[in-house]
Amino acid sequence: MMRLTVALLVLTMTLPGCAALSALKGEPDRDVFELRPPSDVPRQCGQGRRAELVIEPPKTRGTLDTDRIMIRPNELQTQYLPDARWGDTVPVTLQTLLVRGFGVYDAFTHVGRAPLGTSGDYALISEINDFNAEVVGQGAIIRLSVNAQMVNEMDARVVSRGRFTATAEAPTTRTADLIPAFDAAGQQLVTQMTDWGLRAVGVNPARCR
């Protein structure tokens, strides 16, 4: 048993990080991709800091609760890219984008995955409906859609509801064309959701600079 443990440790140390882990799990090596928020530049809304915002982990169905990149050949079939994956699961990927997207605005005292104290002032609760590429002819349409609610944590009151959809076209179904289209659609989605979220807590996003 000791010899086996030592052999596995040596294999882990001699292979590149992700490749080593994949090899030990019996999985193929896949390129890892992350999406970007619309901007990381701080924006001032001129109304003083208002509230603490908690971005709850988004919910979704089992086929999307994974780090695999979904592609749909038709409405009833689900597949995953064989050579690529996200750096986190789809729900964690969206949660990270929203934390960074809302975090640039000075309208919030704190934006995070958990409250600093026992509870925040507002909680953003969401459900991911689509986060996939749909094959159309030789290319694909990236489709992201999310239902969201902004909840006042003091009295558990829903102050606003929204449904958000973003799309982007990829000229082919090659990974090199799909990922930039996912990135463009993700930035559209986060922009829509941050504008809605600011309005939900009484901030006009058009006045944020």
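## Ser160 and its neighbours

Let's start with Ser160, which sits in strand β8. Keep in mind that you're looking at a predicted model. Is Ser160 buried or exposed? Its relative accessible area is 18%, so Ser160 counts as buried, given that the cut-off for buried is under 20%.

Who does Ser160 meet in there? Leaving aside residues up to four places away in sequence, Ser160 touches Ala148, Gln149, Met150, Trp196 and Ala200. With Trp196 there is also a polar contact between the two side chains, at 2.7 Å.

## Strand β7 and its two partners

Now look at strand β7, which covers residues 139-152. Why can we call β7 largely enclosed by the rest of the structure? Because ten of its 14 residues are buried.

One partner of β7 is strand β6, residues 122-136. These two strands pair in the antiparallel sense, with 14 bridges between them. If you want a spot to zoom in on, find Leu124, which stands opposite Met150 in β7. That's the Met150 that also turned up among the residues touched by Ser160. The hairpin of β6 and β7 has two residues between the strands, and Gly137 there takes a positive phi near 60°.

Strand β8, residues 157-170, is joined to β7 as well. Here you'll find 13 bridges, and again the strands run antiparallel. A pair to look for is Val146 and Phe164, with Phe164 in β8 standing opposite Val146. How many residues lie between the strands in the hairpin of β7 and β8? There are four, and in this hairpin Ala156 takes a positive phi near 60°. While you're tracing these strands, here's a handy rule: in a regular strand, side chains alternate between the two faces of the sheet.

## The whole protein

Time to zoom out. The protein has four helices and eight strands. Walking from the N terminus, you meet the elements in the order α-α-β-β-β-β-α-β-β-β-β-α.

The protein has 209 residues, and 41% of them are buried. Its accessible surface comes to about 11200 Å², and carbon and sulfur atoms own 52% of that. The chain also folds back on itself a lot when you look at who touches whom: of the contacts with a separation of 6 or more, 67% are between residues 24 or more positions apart.

## Where β1 meets distant residues

Strand β1 gives you an example of residues coming together from separate stretches of the chain. Asp31 is in β1, which spans residues 31-33. Along the chain, Asp31 and Ala84 are 53 residues apart, yet their C-alpha atoms are separated by 4.6 Å. Not counting residues up to four places away in sequence, Asp31 touches Ala84 along with Asp83 and Arg85.

## One disulfide

How many disulfides does a search of the whole structure find? Just one. Cys45 and Cys208 form it, and their sulfur atoms are 2.1 Å apart. Cys45 lies in the loop between β1 and β2, while Cys208 is in the segment after α4, so the pair ties together parts that are 163 residues apart in sequence.

In case the term is new, a disulfide is a covalent bond between the sulfur atoms of two cysteines. The link of Cys45 and Cys208 is right-handed, with 105° about the S-S bond. Both Cys45 and Cys208 are buried.

## Salt bridges

The search also turns up six salt bridges. In one of them, the side chains of Asp183 and Arg36 meet at 2.4 Å, N to O. Asp183 is in helix α4 and Arg36 is in the loop between β1 and β2, so this salt bridge ties together parts 147 residues apart in sequence. The two ends have contrasting surroundings: Asp183 has 9% relative accessibility and counts as buried, whereas Arg36 has 52% and counts as exposed.

Another salt bridge joins Asp67 and Arg85, with the closest N and O atoms 3.4 Å apart. This pair links distant parts of the chain, 18 residues apart: Asp67 belongs to the loop between β2 and β3, and Arg85 to strand β4. Asp67 counts as partly exposed, at 24% relative accessibility. You've met Arg85 already, as one of the residues that Asp31 touches.

Asp177 and Arg174 form a salt bridge too, and their closest N and O atoms are 3.4 Å apart. Arg174 is exposed, with a relative accessible area of 52%.

Key: Residues are numbered from 1 along each chain as its sequence is written. This is a predicted model: local features need pLDDT of at least 70, side-chain atom pairs count only at pLDDT 80 or more; totals for chains, interfaces and linings use all residues. Side-chain values use heavy atoms; hydrogens and water are left out. Contact means heavy atoms within 4.5 Å. Buried means under 20% relative accessible area, exposed over 50%, partly exposed in between (1.4 Å probe, protein chains only). Two strands pair if DSSP finds at least two bridges between them. Accessible areas come from the Shrake-Rupley method with a 1.4 Å probe; for residues, only the protein chains shown count as cover. A disulfide is a pair of cysteine sulfur atoms within 2.5 Å. A salt bridge is a side-chain nitrogen of Lys or Arg within 4 Å of a carboxyl oxygen of Asp or Glu. A polar contact is a pair of N or O atoms within 3.5 Å; within protein, one must be able to donate a hydrogen and the other to accept it, and residues adjacent in sequence count only if both atoms are side-chain atoms.
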